[in-house]
Amino acid sequence: MKKSPHRPTRAVIDLSAITYNLEQVAYHLPQEVEKWAVVKANAYGHGAVQVARALLPQVDGFCISNIDEALELRNAGITQDMLVLGVSDVQVVDLALRENIVLTVASLEWLERLKQTGQELTGLRVHIKVDSGMGRIGFRNASDINQSIASLTEAGSLVEGIFTHFATADERDESYFYQQLNTFKEILAEVEDCPLLIHASNSATSLWHQETIFNAVRLGVVLYGLNPSGEVLSLPYELRPALQLETEIVHVKAVPKGACIGYGATYEAMEEEWIATLPIGYADGWTRDMQGFAVLVEGERCPIVGRVSMDQITIALKKPYPLGTKVVLIGSSHGKEVSATDVAVYRGTINYEVVCLLSDRIPRLYP
Ligand SMILES: *Cc1c(COP(=O)(O)O)cnc(C)c1O
């Protein structure tokens, strides 16, 4: 979608909050642990290039979900190590070699397909993915891993790391987490030529399971100042949310009792009311189920009344405000706060999805 910078709707990103969050997490980890910043999905909507540049001095590398996301960073002049977390098309190996991008190897079948392409594998850097119970991608037994490592090494590739991913590190019940941890450890014990870098910790594991860190962590949502568990577990230390979603009132009016607002005429004024219109809608990632939620106008909570349209929403005001009055949809205003987690809870989802879904139409500003 086309970025729309001439509209007052914007996501203001505080990069100093992101570097602060990394410092906070790093302070609570053993010093020698490598820190990899997860900047996939445009750094969870915060802007991958800007976030990566800000974090450069503090991290050992970046994780992204696919090679195109890695290339975006390379093209921006970022030279640090980059690990593609997902399964890549076997055809991208040339590109990975040329751009020095580390790929994930998640199955023997993929490796065999790769070999069939006849591409040169000398110098290709890879990490092995272990499926210890997440059930998405990865090897589920050590013998396939051993076979893969032998085959990759023979082809001149560099098997630099091995990793897994936890399904429940953000939950109160720890039993499945420890089951996965044991599975990973059992597999590692049987790996003959174990790669040097071993990593299992996402944000939640880094926050609440520090005893299980191997020698690197993959930090995603914590960097953006969001609690990976939403409202389930409380943060062990302070993090600063980095994203503020703002817009301005572009239209305001008094409507008489009985006036209806929006598609479907789902809202009817019970008395004379002040209604303001804001230039943001579901095409911006402010989804239709946000009807009834509140936004902040000078610290005052004002409900979204009527349906959320593609490009506009309507809110009820306690009193008239002039055009151009700032409205905060995520963030703080006059000491009041609406967090991405509040939005997520209202919507029945997780804060990750709220920030990731903010569309490209919204410019990201870095004051
Ligand atoms: C997205 C992702 C992460 C980061 O997760 P957070 O919960 O945001 O820290 C780490 N590892 C893998 C494999 C991922 O896909």
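Let me start with the ligand, which sits in the largest pocket, and I should say at once that what we have here is a predicted model, with every value computed from it.

The residues around the ligand are Val38, Lys40, Tyr44, Leu85, Arg136, His165, Asn202, Ser203, Arg218, Gly220, Val221 and Tyr352, and when that shell is sorted by class it comes out as five nonpolar, four polar and three charged residues.

For those of you thinking about polar contacts, three members of the shell deserve a mention. A polar side-chain atom of Tyr44 lies 2.5 Å from an oxygen atom of the ligand, while for Lys40 a polar side-chain atom lies 2.8 Å from a ligand oxygen. With Val221 the atom concerned belongs to the backbone, an N or O atom that lies 2.8 Å from an oxygen atom of the ligand. As for burial, the ligand on its own has 390 Å² of accessible area, and the protein covers 92% of that.

Turning to the annotations, which residues does UniProt list for "binding site"? The record, an unreviewed entry, gives Arg136 and Met310. These span 175 residues in sequence, and their farthest two C-alpha atoms are 33.6 Å apart, so they do not all gather at one spot. From this set, the lining of the largest pocket takes in Arg136, a residue found in the loop between β6 (125-129) and α7 (142-154).

Finally, the same kind of record, again an unreviewed UniProt entry, places the feature "domain: Alanine racemase C-terminal" at residues 242-367; in the model that span is 11% helix and 37% strand, and its end C-alpha atoms lie 12 Å apart.

Technical notes
Residues numbered from 1 in each chain as written. Predicted model: local features only at pLDDT ≥ 70, side-chain atom pairs only at ≥ 80, totals over all residues. Heavy atoms only, no water. Near = heavy atom within 4 Å. Polar contact = N/O pair within 3.5 Å; in protein donor to acceptor, adjacent residues only side chain to side chain. Areas by Shrake-Rupley, 256 points an atom, 1.4 Å probe, with all protein chains shown as cover. 1 Å grid on protein atoms, 1.4 Å probe; cavity = no way out; pocket = protein on both sides within 12 Å on 5 of 7 lines; lining within 4 Å. Sits in = over half its atoms within 2 Å of the grid points. Nonpolar A, V, L, I, M, F, W, Y, C, P; charged D, E, K, R; others polar. UniProt positions renumbered as here; feature names shortened; annotations may be inferred. Helix = DSSP H or I, 4+ residues; strand = E, 2+ residues; numbered from the N terminus.
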